[in-house]
Amino acid sequence: MNKKEARALKKEEKILKKYRKISNAGRFTQWRNQRPFLGGILTLLAGFMILYIPLQLYSIAFVPGSFAFIGFLFGGLIVIMGVLNFIYPAFSTVFGVITIFLSVLSVMGALGGFLIGTILGIIGGSLSIGWEHKELTMMDSKRDDEVEVVQT
Amino acid sequence: MDNESTEKVGTVWKKKFFVALLAGFLALGGLISVFGFTGTAFALPLGGIGDFYVKFDKLEGKGFQLMPKIGETGNSDAEPMIRNKIEEVKIDNLHIYKDIKLPTDQWIRINIKALGPTKISGLIQDARLIDANLSFNELAIEEQNTSDFSKNWSQNAQTITITNAKLVTDYLFQSVVSLGNAKIYVEKIDSPDRTNIN
């Protein structure tokens, strides 16, 4: 068995382990399994961080309206991307790319939520991009170990 | 007969994740290196916040134009002002500050200081008061018989040098600005700066 095959087998085992864990878990874990949960949460956090700065600037009123408006726009769009990640998990790669793009640009418009928002956005976006659904084809008469892993 | 069923497991593909992460941080690094290190900002307006103060040791400008203007300040809709337009500007020791009263009755001062030279292209500035030493090269003052007050008189010069200046400013626009060694900080103050021009 070469290295590549060994790695693929290891990956398969990992997925099976995860499946066994999920199949016995509660409804929330099952729901979480079907979408890029962590990516979505981090994206939402990044959006709120980026929104926080223009809200503060608005009250101090040192920065003119157009500047704060860009912050509201970027922050708001990132929050929307986070929510859409939960609703349409199949498009998580697209949402992830848009999240990273907006997070980086928000440095100019809203100081990127003191840069914390930007970093959270990049990590959240990357998790959304990296997330994928693995389909397991199960034969009911077989044991759990004999399931076939099909990548979708 | 065997029954086939499919189950789905969501996982994060590490390779994809790290590639996206790297791309994101590279983009961020690129953006910061372009705007951060050079301190350059494009089309930066500062206005609609009332009076703020601009102080500097020396300004050297090319293509100077001065005209009257009626503009809005923080306290009034129409105040007489002077509009300065300078094409290319180099400023030493620029200090911009704004005094703000907090809801707790405490005054704070937001300072923007450039310790290095500041270079600005396409400067437009509306000032209520200019307190400085001025020297011009090829100065021309023109008057026109027109009902439009903004064209009634104008003052143009090829070059302008201003030293030890303090300007009460209400609007500032810069097409391209580069602040050398900039420092932005907030400090508590006892009372605001008031320049009485009456």
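**Two nonpolar cores in a two-chain model**

Good morning. Leaving aside neighbours within four places in sequence, Ile78(A) contacts Thr43(A), Ala46(A), Gly47(A), Ile50(A), Thr99(A), Leu102(A), Ser103(A) and Gly121(A). Please bear in mind that this is a predicted model.

Ile78(A) also belongs to the largest nonpolar core, which has 25 residues. Together with Leu42(A), Leu45(A), Ala46(A), Ile50(A) and Leu120(A), Ile78(A) touches the most other members of that core. Which elements give two or more residues to this core? In chain A they are helix H3 (37–60), helix H4 (65–87), helix H5 (92–110) and helix H6 (116–130), and chain B adds helix H1 (14–35). H3(A) supplies the largest share, eight residues. Apart from this core lies another, of 23 residues, including Phe56(B), Val89(B), Ala114(B) and Ile120(B). As general background, nonpolar side chains in soluble globular proteins tend to be buried together.

I turn now to helix H1 of chain A, residues 3–23. At 1.5 Å a residue, its 21 residues should span 30 Å, and the end C-alpha atoms are indeed 30 Å apart, so expectation and model agree. Is H1(A) largely buried or largely in the open? The number of buried residues among its 21 is one, and H1(A) therefore lies largely in the open.

Finally, chain B. Its secondary structure comprises two helices and nine strands, arranged along the sequence as β-α-β-β-β-β-β-β-α-β-β. Chain B has 198 residues, of which 21% count as buried. Among contacts in chain B with a separation of 6 or more, 79% involve residues 24 or more positions apart. Thank you.

How values were computed:
Residues numbered from 1 in each chain as written. Chains lettered and ligands numbered in written order. Predicted model: local features only at pLDDT ≥ 70, side-chain atom pairs only at ≥ 80, totals over all residues. Helix = DSSP H or I, 4+ residues; strand = E, 2+ residues; numbered from the N terminus. Buried ≥ 20, exposed ≤ 12 C-beta atoms within 10 Å, placed from the backbone. Contact = placed C-beta atoms within 7 Å. Expected span 1.5 Å × (residues − 1). Core = buried A, V, L, I, M, F, W, Y, C linked by C-beta atoms within 7 Å.
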